[in-house]
Amino acid sequence: MNEIKKDGNGKHPVRVGVYICHCGTNISKIVDVAYIAEQIAAQPNVVVSKHSKFMCSEPGQELIINDIGAQNLNRVVVAACSPLMHENTFRTAVERGGLNRYFFEMVNIREQVSWVTVDHHAATQKARALIRGAVARVILHQPLEMRRVPIGRRVMIIGGGIAGIEAALLIADAGYEVVLVEKEESIGGHMAKFDKTFPTLDCAACILTPKMVAVGHHPRIRLMTFAELEEVKGYIGSFVVKVRKKARYVKTELCNSCGMCYEACPSQPYPLDRKLILGDKVFKEGRPAKKRLPKPLVAKYDLTLFTGAQPMPEQAIKPKVGVETR
Ligand SMILES: Cc1cc2nc3c(=O)[nH]c(=O)nc-3n(C[C@H](O)[C@H](O)[C@H](O)COP(=O)(O)OP(=O)(O)OC[C@H]3O[C@@H](n4cnc5c(N)ncnc54)[C@H](O)[C@@H]3O)c2cc1C
Ligand code: SF4
Ligand code: SF4
């Protein structure tokens, strides 16, 4: 006879029911479910240990519900598939049997055991160990109650690359307020550095710039560039975030992005050249060091490397004007 220990409060004897699913033959062709059921039956607090063909079926769920009443169970373990698939099914069954739905533990012996090995012995040992662990854990479970809490319907996105920009627009269009934080002076991320994008060879700027402008003008998006996160407190639905805005030394409400200050700035805070590294190839777009007048640069991108297209004749390559990075 099994030793029956009391629960965490020392009040009630804990009576566990364990159910091992065959999933047709998905589990049972690799894992020896009958052997494990027999082994687990000897574990302290286990009152019922059974195996069944399809635990998620109505007869499978009825098995649990009936045993809760007949065997006075107050904890349930099901070893079957992924909790993502059927945890809710079994929690509901446990509730239908009259127990708190959180007096339940699920073990995944399909995706994490039978589907990932052909070794019967190792699979059976692993499944048994996982179920033993679940039994030990469910004994410590406390009854939980679900409740609703108010949440802030505002989203912060960290990073204004194409992913952050697209997410900000989608979320804002769905009616939520968005705060988009970017550590650099401008949003755009990597995509702002490209000429064309693989595999369609679409012009990167043609895709990106309308989205950047849309972000800047969207009534529900607050854009914080040249800013970085300092602290995050709180929890899902109620975060409090501290953001440090770095000094620009420019009145942004007056600046029209003409770029003249680049010419006059004694510290030259902008890069003198820009590099793209693709594998072991480095592509450079240089700025004229002394004469700061924009000078056409010849495009050096060899797109045949990536597309398999025929190389363009030399004269067909159009001059490319150096792009300023802001
Ligand atoms: C050389 C190169 C060539 C590529 N070519 C192609 C191509 O041809 N076709 C294609 O489809 N893809 C290509 N890619 C991939 C593509 O560029 C990326 O997948 C895409 O740009 C990633 O966008 P992202 O928004 O996720 O990240 P990023 O563009 O990296 O943006 C991240 C943003 O987050 C900001 N950030 C980072 N940390 C913080 C922080 N702590 N606080 C605030 N802001 C932060 C960064 O400053 C940046 O603006 C290429 C990538 C590289 C590097
Ligand atoms: S509970 Fe999961 S493992 Fe069992 S029969 Fe249903 S789907 Fe298959
Ligand atoms: S010079 Fe042009 S880009 Fe520079 S701060 Fe003034 S308005 Fe802005």
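A residue counts as near a molecule if its C-beta atom, placed from the backbone, lies within 6 Å of it. This is a predicted model, where local features need pLDDT of at least 70, side-chain atom pairs count only at pLDDT 80 or more, and totals for chains, interfaces and linings use all residues. Residues are numbered from 1 along each chain as its sequence is written, and ligands are numbered from 1 in the order in which they are written.

**Exercise 1.** Find the residues around ligand 2 and sort them by class.

Step one: go round the ligand. You should meet Cys 21, Cys 23, Phe 54, Met 55, Cys 56, Ala 80, Cys 81, Met 85, His 86 and Arg 110.

Step two: sort them. Ala, Val, Leu, Ile, Met, Phe, Trp, Tyr, Cys and Pro count as nonpolar, Asp, Glu, Lys and Arg as charged, and the others, Gly among them, as polar. That gives 8 nonpolar, 1 polar and 1 charged residues.

**Exercise 2.** Work out which residues Val 77 is in contact with, leaving aside neighbours within four places in sequence.

Step one: use the cut-off, which is C-beta atoms, placed from the backbone, within 7 Å.

Step two: read off the partners. They are Val 16, Val 18, Glu 105, Val 107, Ile 131, Ala 134, Val 135 and Val 138.

**Exercise 3.** Look at how strand β6 joins β9 (strands are DSSP runs of E, at least two residues, numbered from the N terminus).

Step one: count the bridges; two strands pair if DSSP finds at least two. Here 4 bridges join β6 (residues 177–181) to β9, and the strands run parallel.

Step two: pick out a facing couple. Leu 180 stands opposite Leu 223 in β9.

Definitions and conventions: Two residues are in contact if their C-beta atoms, placed from the backbone, lie within 7 Å.
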